[in-house]
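The following exercises concern aromatic contacts. Please consult the sequence and the coordinates while working through each solution.

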Amino acid sequence: MMVADYPTAKSTVMEEAKRKIKVTKTTKSRLSELDFSNLAFGKKYADHMLVADFDGKEWKNAEIIPFQNLSVSPSNAAWHYGQAIFEGIKAYNDQEGNPMIFRPYDNYARFNKSAERMGMPEVPEWLFVGGMAMLIDLDRGWVPSNEGCSLYLRPFMIAADEFIGVRPSDTYKFAIINSPSGPYFNKPIHLLVQDKYVRAFPGGVGYAKAAGNYGGAMYPTMQAKKQGYDQILWVDGFDYKYLQECGTMNVFVIIGNRAITPDLTNGTILAGVTRASVMDVLADMGFEVEERPISIEEVVTAWKEGTLREVFGTGTAASVAYVEQLDYKEHKISLDTTKYAVGAEVIERLDAIRTGKVEDVKGWNYRI
């Protein structure tokens with residue numbers, strides 16, 4: 001669905017969602033326990049969650065319930081074979097204190113693309129978008145207004161068959177949980193260019209937001225953190241030189257008046273919603289935005305020649321994260337992030353749109 005269809009779709013989708021989703025409110029809110037001035041990322045959860053079941057033919061039992069544990073069999077297929085996908089989305093308060101979801105239809109489309117790749121059923125619009133809007137409306141008091149904070153939304157789907165034979169599950173569980181969160185990174189980051197382990201190959205699931213992509217990255221990331229790095233910057237698995245993405249982010253390199261980000265052609269990189277937003281914002285700022293293969297050698301050369309201005313990561317959780325140190329073999333690229341004028345303006349423009357400080361001419365916000 002195109003962004004321009006939001007206003008028409010909203011009323012129809014919400015009507016269907018309200019018909020199909022049962023609401024059971026909590027009898028005791030935990031909101032008073034939340035310290036909005038001290039929010040970490042992903043550690044606190046709002047009062048309610050959305051759950052639904054796929055029975056092999058249709059989605060049913062859609063309900064918003066008090067946040068609670070799920071009961072799952074030890075023979076659940078997701079534990080054994082990794083049929084699990086998720087999304088990351090954020091909601092912000094506008095200047096009047098009303099919540100808005102940032103680009104939910106883009107995440108909705110990507111979620112179903114991931115589902116297809118993992119042999120899972122498509123989630124209908126009324127459940128994903130309409131259910132999310134209903135959930136945020138119920139938990140609107142949990143949306144932070146502090147600068148740099150947001151309500152982080154985690155829709156996910158897992159296999160639900162209680163069967164350990166190797167085949168796609170017939171049944172599935174879909175859920176959305178909400179987490180009032182602060183910044184993912186609270187300081188500029190250090191990246192290690194990983195030239196031994198590989199995140200994804202063409203024909204694989206690199207473009208999908210599949211849980212296994214992150215599981216496979218855990219060990220190399222642990223090793224990098226032992227060396228003092230915050231994240232890995234992955235390169236391709238053939239030449240071991242073309243930039244891919246970071247562990248939790250896409251990557252942008254500013255060289256002169258060009259903003260370069262790796263292209264999505266090979267299906268090895270996640271098509272980030274924040275990435276797409278930043279590309280639009282950079283174009284509005286007058287930059288030549290290039291989606292193309294970019295090698296680590298090109299970055300090193302630009303640094304040596306003095307034309308490398310900035311490197312930053314972009315993602316829903318991380319938003320825009322400045323790279324202070326980028327290490328590749330013997331090359332130690334140090335960058336003065338206090339002079340990051342490009343990244344700073346990108347953040348300012350994005351935040352203004354997401355919080356309603358400026359008119360949303362791009363139609364990115366879904367108002368609750």
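Three exercises on aromatic rings in this predicted model follow, each with a worked solution.

**Exercise 1.** Classify the geometry of the ring pair Tyr105 and Tyr108, and state whether each residue is buried or exposed.

*Solution.* Begin with the total: the model contains 19 aromatic pairs. In the pair Tyr105 and Tyr108, the ring centres are 6.3 Å apart, which satisfies the pairing limit of 6.5 Å. The planes meet at 85°, and angles over 60 degrees count as edge-to-face, so this pair is edge-to-face. Next, locate the residues: both belong to helix α3 (residues 104-117), where three residues, about one turn of the helix, separate them. Finally, assess accessibility against the 20% limit for burial. Tyr105 has a relative accessibility of 3% and therefore counts as buried; Tyr108, at 12%, is likewise buried.

**Exercise 2.** Determine the class of the pair Phe111 and Phe128, and identify which helices hold the two rings.

*Solution.* The centre-to-centre separation is 5.3 Å and the interplanar angle is 50°, and the pair is tilted. Phe111 is located in helix α3, whereas Phe128 is in helix α4 (residues 125-138), so the contact ties together parts 17 residues apart in sequence. Both phenylalanines are buried.

**Exercise 3.** Which cluster do the ring pairs form, and where does the charged end of Arg354 sit?

*Solution.* Ring pairs join Phe54, Trp59, Tyr105, Tyr108, Phe111, Phe128, Tyr172, Phe174 and Tyr366 into a cluster. As for Arg354, its charged end sits over the ring of Phe102, 5.8 Å from the ring centre.

Conventions: Residues numbered from 1 in each chain as written. Predicted model: local features only at pLDDT ≥ 70, side-chain atom pairs only at ≥ 80, totals over all residues. Heavy atoms only, no water. Phe/Tyr/Trp six-rings, centres within 6.5 Å; stacked < 30°, edge-to-face > 60°. Helix = DSSP H or I, 4+ residues; strand = E, 2+ residues; numbered from the N terminus. Buried < 20%, exposed > 50% of the residue type's maximum accessible area, 1.4 Å probe, protein only. Lys NZ or Arg CZ within 6 Å of the ring centre and 35° of its normal.
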